[in-house]
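Me: I'd like a close look at one part of this model, with enough of the surroundings to make sense of it. Take your time and walk me through it.

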Amino acid sequence: MRLRLVLADDYRGARPRRASSRTSDSPWLSVDVTRLAFALALALIANTIAWYGSSGTTEWSTQMGWLVLSIGAAALAAGSCARWVIAGLRSTRWERAEIVRVVNAAWPDKGGLNRAVAVDDQFEVLVAGPTMTRFHRPTCQLAAGKDVVGLTTTQIVAGHLAPCEMCAP
Amino acid sequence: MDIVNFLRAQWDRALAVAIALAAAVSLLLGYRGVSGTPHVAVQLPYIVSAGMFGIFLLTIAATLWVSADLRDEWRELRKLRVRLDTIENPEARPVRTHRAETTGPGSNGRAAAEVRS
């Protein structure tokens, strides 16, 4: 048995789910489905009752009560749907956090590589020349006027390139 | 792709569109009922039935559509994670089957222990 610590901050509110109770191929648990179905059915029944009640009378004060019930039913439906969407978002965030954790564990930070990836994520292409041992930002003075090409993260790792100290990519 | 396969693959989005159309019909019927009489006491049942029911249906349609997007994203992420787990532990079975996911951390910022066999 191996004990491993995982920082809670990595998850940022992501939702740990029990795999056994998950519906097949879906980010929602079966309890989420049940909750939503129950709330929607309740809202539908309340709305039907409100309609039945309001159509049986012409008295304004009585009708207002039924209208309030109807609005409450709509609010219940909207709230349940919002809760459903939030549950799905949390599951998705959990999966994303797990991917980040696995990637960080498999490819740990090596002298600024993670920072380079972050820059790359912002669509700034990093460059290096064929004989260079460092990679640079395209605007770096050390790369200006030289025969450089754009790099992918894989090329940076494969070429054992270090980040330039001047432009600090 | 024929229509049956398309509907089978995109059942949630197709259902969302169908429910949104039903909502539009409901709201139109409500409008027709309300506009047909000057008496508020007669108009109110139309608002309660057709109006609120239309809003109810619209909410469900929107939820279905967003759910479809979420499910697609979640499925892609899950596939990716299973592949990554396989790379990380090539000899082990997929981590998902081993991990007790309920041992994940709460939202209070404390560290949580995850036990793995």
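How many helices and how many strands does chain B have? Start there, then take me into the core and the helices around it.

Reply: Sure. One thing up front: this is a predicted model. Chain B has four helices and one strand, and from the N terminus on its elements run α-α-α-α-β. Of its 117 residues, 26% count as buried. Among contacts in chain B between residues at least 6 apart in sequence, 47% join residues at least 24 apart.

For chain A the make-up is four helices and five strands, in the order β-α-α-α-β-β-β-α-β along the sequence. Here 27% of the 169 residues count as buried. As for contacts in chain A with a separation of 6 or more, 62% of them are between residues 24 or more positions apart.

Now the core. The largest nonpolar core has 29 residues, and Phe56(B) and Ile60(B) are the ones with the most contacts inside it. Both chains feed it: α1 (30–55) and α2 (60–106) of chain A, together with α2 (11–35) and α3 (40–88) of chain B, are the elements that give two or more residues. The most comes from α3(B), with 12 residues. Ile60(B) shows the mixing nicely: setting aside residues up to four places away in sequence, it touches Leu40(A) and Cys81(A) from chain A and Ile19(B) from chain B. There is also a second, separate core of nine residues, and Val127(A), Phe135(A), Leu151(A) and Cys164(A) are among them.

Next, the two chain A helices that contribute to the big core. Two packed helices are described by the angle between their axes and the distance between the axes. For α1(A) and α2(A), the angle is about 165 degrees and the axes are 8 Å apart. Angles over 145 degrees count as roughly antiparallel, so that is how α1(A) and α2(A) lie relative to each other. The crossing of α1(A) past α2(A) is left-handed. Sort the residues of this contact by type and you get 17 nonpolar, seven polar and two charged.

Two residues let you look at α2(A) up close. Take Ser80(A), which sits in helix α2 of chain A. Is Ser80(A) buried or exposed? It is buried, because 22 other C-beta atoms lie within 10 Å, and the cut-off for buried is 20 or more. Leaving aside neighbours within four places in sequence, Ser80(A) is in contact with Arg35(A), Leu36(A), Ala39(A) and Leu40(A). You met Leu40(A) a moment ago, as one of the residues touched by Ile60(B). Also worth checking on screen is Asp32(A), 48 residues from Ser80(A) along the chain, with 9.6 Å between their C-alpha atoms.

Then go to Val85(A), also in helix α2 of chain A. Val85(A) has 16 C-beta neighbours inside 10 Å and so counts as partly exposed. Its contacts, again without neighbours within four places in sequence, are Thr63(B), Val66(B) and Ser67(B). Those are chain B residues, while the contacts listed for Ser80(A) belong to chain A. In chain A itself, Trp28(A) is 57 residues away from Val85(A) along the chain, and their C-alpha atoms are separated by 9.3 Å.

Notes:
Residues numbered from 1 in each chain as written. Chains lettered and ligands numbered in written order. Predicted model: local features only at pLDDT ≥ 70, side-chain atom pairs only at ≥ 80, totals over all residues. Core = buried A, V, L, I, M, F, W, Y, C linked by C-beta atoms within 7 Å. Buried ≥ 20, exposed ≤ 12 C-beta atoms within 10 Å, placed from the backbone. Contact = placed C-beta atoms within 7 Å. Axes fitted to C-alpha atoms, helices over the stretch in contact; angles between N-to-C directions. Parallel < 35°, antiparallel > 145°, perpendicular 65-115°, else oblique. Left-handed = near helix turned anticlockwise from the far one by under 90°. Nonpolar A, V, L, I, M, F, W, Y, C, P; charged D, E, K, R; others polar.
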